[in-house]
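Trainee: May we go through this entry together, beginning with how the terms are set?
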Amino acid sequence: PYGLFCLTAYAADRFPEVQFQILDLQLEEPGFNVGQFLATEKPDLTMVTAVTPYEPYAQDIGQIHRTTLSDKVSWIGGYHPTVMPEETMLERNFDMVGIGESEETFGELLKLWIAGEAKNLGQVNGIGYHDALGKLIKTSPRLPKESLDLYPAAAKARKFLIEQDTQYQTYGGTKIYDTSPGSLATQRGCKFNCRFCGSRRMYPMGMRQRSMENVVDEIQFLNQEYGVQNFYFLDDTLNNNPKRVMELSNHIISRRLKIEWVGMGRTDVLDEDMYRIMRRAGCVEIAFGVESLDPEVRRAMGKGSSVENVESVTKMTQRSGIEAKWYLMVGSPSPENLKSAEITARGLEKMRPNKIRVFKTIPYPGTTYFNNPSLHVLPEYQATKIASLCP
């Protein structure tokens with residue numbers, strides 16, 4: 001739960017008198033009783049994070065909180081509430097909604113509560129709340145002021161995770177080190193503008209970056225404190241700046257860290273020296289957002305790279321000893337059709353990435369696709385026919 005780790009690490013560093021707990025429901029058995037947990041722990045503030053597909057589930061948790069702890073405060077944040085705060089707050093299951101990056105917002109809120117000024121919510125930028133008449137009040141947008149290097153590493157919040165000994169899913173395929181993985185990011189935001197992506201709504205300030213020394217400090221902390229040797233970089237495009245990636249790799253190599261890591265990258269970054277040094281530093285897989293090999297579909301998606309780039313970067317990473325994974329999408333707005341899928345299938349035969357993951361297009365709020373009336377998903381019989389084209 002990287003977002004909750006970020007918030008908790010920031011707040012715990014500034015308010016040591018506050019007790020924190022992080023409950024990751026992915027680690028619990030089906031049927032876990034959220035209401036019973038809340039009734040036992042009685043938190044003064046419950047924070048829930050949600051992306052679009054799971055927002056209804058987050059609303060259920062908010063409703064349980066409202067029933068179980070009616071005198072306590074609840075907050076919902078994350079991508080979906082940031083883009084659609086009015087819809088998120090419509091059912092009145094939460095007292096507040098966090099809009100955008102919320103570390104500094106959370107810090108200001110805690111400062112008010114500790115000072116006994118919890119009613120002065122209008123002073124805090126980056127939130128939404130209902131006034132006495134039930135009207136949703138949105139404060140001014142939050143524009144973070146602090147450098148990311150000044151934020152405590154998200155990994156520092158791992159000690160607050162309730163299920164300490166549970167193994168998370170590892171990422172990538174050929175793992176030498178079978179340990180619990182660590183997730184981290186070197187930057188926030190993306191300078192590109194694919195039409196299906198809502199990153200710019202979450203990070204309207206554009207890209208904010210950590211120094212690579214700061215990033216490797218966090219890797220080393222997880223490695224030494226928790227024995228973590230598998231790492232997953234959450235950057236939208238880790239390889240968008242070869243100089244930064246080479247700096248990251250050199251820091252890992254110079255500190256002699258025995259780790260493996262994976263990340264996501266763009267297909268138009270064709271720097272073979274960079275991929276070679278990434279491999280030396282422990283990179284085992286890069287996931288590329290290929291989406292489709294039909295040039296017309298790629299143009300409609302706003303992809304800035306060519307099919308030739310896809311082939312070149314796939315072979316380049318493989319020559320460097322790094323596995324190439326492709327992310328593919330089906331069901332995007334026209335001009336996608338069955339012929340488009342056939343083009344992609346034939347390209348798979350020719351280019352042979354190590355892995356693929358195929359996703360149905362989901363019209364996330366905040367994206368160009370969200371209000372597109374032509375959004376459709378290929379019928380099942382066509383998907384079966386497409387599958388038969390691949391060896």
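Mentor: Helices (H or I, at least four residues) and strands (E, at least two) are DSSP runs, numbered from the N terminus. This is a predicted model, in which local features need pLDDT of at least 70, side-chain atom pairs count only at pLDDT 80 or more, and totals for chains, interfaces and linings use all residues. Residues are numbered from 1 along each chain as its sequence is written, and side-chain values use heavy atoms, with hydrogens and water left out.

Trainee: Where is Thr-317 found?
Mentor: Thr-317 belongs to helix α12, residues 307–319.

Trainee: Is Thr-317 buried or exposed?
Mentor: Thr-317 has a relative accessible area of 0%, so it is buried; buried means under 20% and exposed over 50%, with partly exposed in between (1.4 Å probe, protein chains only).

Trainee: Which backbone oxygen does the side chain of Thr-317 reach?
Mentor: That of Val-313, at 3.0 Å. In addition, a polar atom of the Thr-317 side chain lies 3.0 Å from the backbone oxygen of Thr-314. A polar contact is a pair of N or O atoms within 3.5 Å; within protein, one must be able to donate a hydrogen and the other to accept it, and residues adjacent in sequence count only if both atoms are side-chain atoms.

Trainee: And which residues is Thr-317 in contact with, leaving aside neighbours within four places in sequence?
Mentor: Tyr-275, Ile-286, Phe-288, Ile-322 and Ala-324 are in contact with Thr-317, where contact means heavy atoms within 4.5 Å.

Trainee: Changing topic, how many aromatic pairs are there?
Mentor: The count comes to nine. Rings of Phe, Tyr and Trp (its six-membered ring) pair if their centres lie within 6.5 Å; planes under 30 degrees apart count as stacked, over 60 as edge-to-face and the rest as tilted. The rings of Tyr-10 and Tyr-151 have centres 5.2 Å apart and planes at 80°, so this pair is edge-to-face.

Trainee: Where do Tyr-10 and Tyr-151 lie in the chain?
Mentor: Tyr-10 is in helix α1 and Tyr-151 in the loop between β5 (136–138) and β6 (181–184), so the pair links distant parts of the chain, 141 residues apart. Both Tyr-10 and Tyr-151 are buried.

Trainee: Lastly, what about Arg-299, buried or exposed?
Mentor: Arg-299, in helix α11 (residues 295–301), is exposed, with a relative accessible area of 57%. Arg-299 and Cys-194 are 105 residues apart in sequence and 9.6 Å apart in space, C-alpha to C-alpha.
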